[in-house]
Structures are given as structure tokens and as C-alpha cells.
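Thanks for coming, everyone. Let me put the structure on the screen, and then we go straight in.

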There are 2 protein chains.
Amino acid sequence: MQPRPRTIPEATVARLAVYLRVLTTLADGGRSTVSSGELASAAGVNPAGLRKDLSHLGPCGVRGVGYDVGALRDRLTGVLGVGSARACVLVGIGNLGSALADYAGFGTRGFEFVGLFDASPARIGQRVGDLEVRALDELEDVVTATGASIGVITTPAEVAQTVCDRLAAAGVRSILNFAPVPLAAPAGVDVRKVDLSVELQVLAFLGQQRVPAGVGESA
Amino acid sequence: MQPRPRTIPEATVARLAVYLRVLTTLADGGRSTVSSGELASAAGVNPAGLRKDLSHLGPCGVRGVGYDVGALRDRLTGVLGVGSARACVLVGIGNLGSALADYAGFGTRGFEFVGLFDASPARIGQRVGDLEVRALDELEDVVTATGASIGVITTPAEVAQTVCDRLAAAGVRSILNFAPVPLAAPAGVDVRKVDLSVELQVLAFLGQQRVPAGVGESA
DNA sequence: AGCCGCTTGTGAACGCAGGAACAAAGTCCC
DNA sequence: GGGACTTTGTTCCTGCGTTCACAAGCGGCT
């Protein structure tokens, strides 16, 4: 007996996270109710699409009035599973890794880094944010001890697969990969990839496509 | 006279960038030809999809043999518009901005940062990578002088729209936005968004969905 | 109490991306 | 020179995501 189907499209989940952020802002501003139109505008999406996204959670609005800001925020918090802080480990403390470890957007949104790891002896022992960088050898122990369920990989491409394997073997079930290689993970482990240079290249293509005549005139 | 339709789907363009990276690696390794199956495996996609992606560029392989690594790489380089280095400016030199300015993956792939900007006087004058952080006032002058066509925003959310407006007014045609707000840009300016906390939240949801013990039963 | 306007939630149509199967073409071997 | 194998390029089909448009429900006003 499950009145609502458990399957929520990934694209919808991504937008729910955006709605949650907007709702938090609105709640801080003292707003009590919002209409789908206003919320959609603040989130940068279509109002009808927003309502369809929310319909996956069952009815959570009042017709003729709109959505209760606090209630909807709490509902989204529960559905997205960010009610209790989730323990994350980060492997590869280079420039990008350090930035992520210090990124306020994570800590304030239900995620807590409980371990930073690097292979370079020069980095081990350094403090980044409020954590100390540890040797890669301790990875499995820390994952087990903290019950970390999320791993972030910001290592060079060559070692990303090895790190992925170790994370998966240690019990991590979700991996966010910034290394520019496709990772193979065992069943039961989700991998998401963020490729920053690809984003730039898509942007470059779109800009070039727009002006097909003599665009690279940087001289 | 345009033998091939100019419309290439965005999803395809993103994958073309991945193929280009793999091809570069293969070329460095001395490979001369590759089959679609091998290339697809290295890129983490379906072979049929890869061939379909490449078909947007017209025939560029030899049946019975495969693709010429060097030729295909050059073709992709041309299509993606990364043949000549593109000038980029980066606004918001916090942790993330510093990491991006230093990220080797950009410089080696046809992108060159020509200006780093921040509003905080404490950061102005600091060296990041091989550039000096400049005052935000100089943004327009630098964009004009260098002909930068790409802007990257890593500022706090509150000022992202203002920066976006100034970039667009100065002549930047493509913007990569890391701030967690939807940006409105005039026609002719492309905006792509990368939201790191959303990626983590999607991951958290998928991990939670896999183990539905004690979901938020708010009833 | 009844009506009206506003907003949500849902159903259907459209377009797009992804995957699989098939035909064309070139090469290697006999 | 001919046949067969390999690999590309294309075509069809299925499924998903998005959008538009309508019906249902609730509050407020008369």
C-alpha cells in the first residue's frame, strides 16, 4: 500500500532542491504563503512544471491560496533526506577539493564533511576548513567509523577509479565525481559526474554557433 | 549553402567535449585509429549513441576500419570552437573562484583566464595562478580590451545578477554561473548554471531512496 | 447562502533524447 | 577478382521530460 509511486524523476529531484532553497529564503523573509507562479519565477522554471514536480509528493498546497512556505519547506526537507546531516568524505585536497571543503553551501544544507583525504604527504596534516587532511590509508577506517554515505572525488583522473573502488568497498553508497573520467561502480552505488571543462566547452560552442562568421578575432 | 544542419543538440555537444578529451589522450598514447565501440567505452556512453553524435558532423570515419584519431580530434576541436584560446574573465575570487582560476583543466583545453575580479579590497592585488586580482571597477575595461567572450561567476548569490548584467553589457556572450540563483540575461547571451549543492542533494535523495527505512512519514 | 475569482492538481499532446536493429561501404584474405 | 567480415551511418521505435490547457476545490465577497 503505497499511495504515491516511489519513483521521482531525477530532473524533478534536482528542481525540488532548488525549490527548497527558495522556500528557505522566503521563510527567512517572513513569507507565509506562495503561489506556484511566484515560486516558479524565483526558481527560474515554468509554473506548470513546478506544480507537476510538487504533485509527486502528493497534495501539499491549498487551492485558491497557494503553498504554505514552512510546511512545504519541511516536506521537501524530508523527501530530499536532508533533515539530518549526512556525513561526507572528500578525497583529493587540491585547489578544487579545498574549495569544496570550505564551501558554505554544503554545511548549511544538510551535509557535513567528516573526512578529508589526500595521497600527498605534503598535504597531510594541513587544516582545511575545520578539518585536518588525513592520509589515504585511513579512508576505510573513517568511513566505517563515521558511517559516511557520500564520497566526493576531486583527485587526478588517474587515481579516480581506484578511489571509487575503495569508497564503494568501504560502504559509501553515493559518489560525486569531479574527475574527468567515467567511473564504474558496483550495483547499489550511485555516481554523479560534474565536469567543469565540459561546461565551458558547451558554452564556447553555443557562443560560436551564434556568430558563425569570424568569432575568434582576438588579435 | 550549408550541407549539414547547424543544429546540434546540447546533450550531444557535451558528449563531443568528452570524446575530444578521450581522443587527445589516445593521440598522446600513439593510437592512430579507434572503433566506435572502444571510444564509447572510454567515454562511458553507448556505441550507437556515439556514432549518432558524430553523424552530426557528417561522415568522419572509415567503414570497416574506424575513426582516425588525429583527424577526428581536429574535427571536434574545430566544431567546438576551442581551436584558438578563448579569453575568459572570472568574477568572485573566493575559495571556488581561486580553485577555478588555478584549474589546469581549463588552460589546457582552449580557455585562458585574462582577468580575475573581486569586490573585496582585501583580495585585490593578490596573485592567483599567474594573474593578479583586480578591482571590480576594471571589469568593463578588461573585457573590452581583451575581447573576452566568456564570463564565470563565483560570487555570492546577492550580487550575481548585477555582475551578470555588467558582463553582458560589456560584451560577454557566454556566462557560467556557480551562484545558486537563476540569472536573467539579455537575448544573445547564453547562461549555464552549475549548482554544486543541488548535485549533492540529488545524490542524497538517491541514496535515501535506495534504503527507504524511516522516510519522513508526515501524516 | 450563493457567486465569483483565484489557485492547485491532473490529463493529454508535443518534442526530444536514448537505444536497438538494419543497410551501406570499405578492407582484408583467398 | 570475388567473397566475407568488420565497422560505420542511418532509421525506426520506445520512453521520458516538458508544455499547454482544462477541471476541481477553496476562500472571500455580496
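Start at DNA strand D: one of its phosphate oxygens is 2.6 Å from a polar backbone atom of S36(B). That is a polar contact, meaning a pair of N or O atoms within 3.5 Å; within protein, one must be able to donate a hydrogen and the other to accept it, and residues adjacent in sequence count only if both atoms are side-chain atoms. Y67(B) also meets the backbone of the DNA: an N or O atom of its side chain is 2.8 Å from a phosphate oxygen of DNA strand D. R63(A) goes to a base instead, with a side-chain N or O atom 2.8 Å from a base nitrogen of DNA strand D.

Before going on, a word on the model. It is predicted: local features need pLDDT of at least 70, side-chain atom pairs count only at pLDDT 80 or more, and totals for chains, interfaces and linings use all residues. Residues are numbered from 1 along each chain as its sequence is written, chains are lettered from A and ligands numbered from 1 in the order in which they are written, and side-chain values use heavy atoms, with hydrogens and water left out.

Back to DNA strand D. Which residues come nearest? Of the 23 around the strand, they are R15(A), R63(A), S36(B), G61(B) and Y67(B). Near means that a heavy atom of the residue lies within 4 Å. On the DNA side, 67% of the strand D atoms within 4 Å of the protein belong to sugar or phosphate, and the rest to bases. Helix 3 of chain B gives the most to this surface, with three residues. Helices here are DSSP runs (H or I, at least four residues), numbered from the N terminus.

Now DNA strand C. Here 23 residues surround the strand, and S36(A), Y67(A), R15(B), K52(B) and R63(B) come nearest. Of the strand C atoms within 4 Å of the protein, 66% belong to sugar or phosphate. R63(B) has a side-chain N or O atom 2.8 Å from a base nitrogen of DNA strand C. R63(A) turns up at this strand too, with a polar side-chain atom 3.1 Å from a base oxygen. G64(A) uses a backbone N or O atom, 3.3 Å from a sugar or linking oxygen of DNA strand C. Helix 3 of chain A and helix 3 of chain B are the elements that give two or more residues to the surface near this strand.

Next, the two protein chains. How many residues meet? 64 residues of chain B are in contact with 63 residues of chain A, where contact means heavy atoms within 4.5 Å. The chains bury about 5,900 Å² between them, 64% of it on carbon and sulfur atoms. Buried area is the accessible area (1.4 Å probe) that two parts lose on being put together, summed over both. In chain B, L200(B), Q201(B) and L203(B) lose the most area to chain A, together 12% of what that side buries.

The rule finds four salt bridges across this interface. A salt bridge is a side-chain nitrogen of Lys or Arg within 4 Å of a carboxyl oxygen of Asp or Glu. One of them joins R21(A) and D195(B), at 2.7 Å from N to O. Helix 9 of chain B, residues 196-210, supplies the largest share of the side that touches chain A, with 15 residues.

Last, the symmetry. A rotation of 180° with 0.0 Å of shift along its axis superposes chain B on chain A, at RMSD 0.1 Å. The fit is by least squares on the C-alpha atoms of residues with pLDDT of at least 70 in both copies. The two copies are therefore related as by a two-fold rotation axis. The same surface serves both: 95% of the contact residues of chain B recur in chain A.
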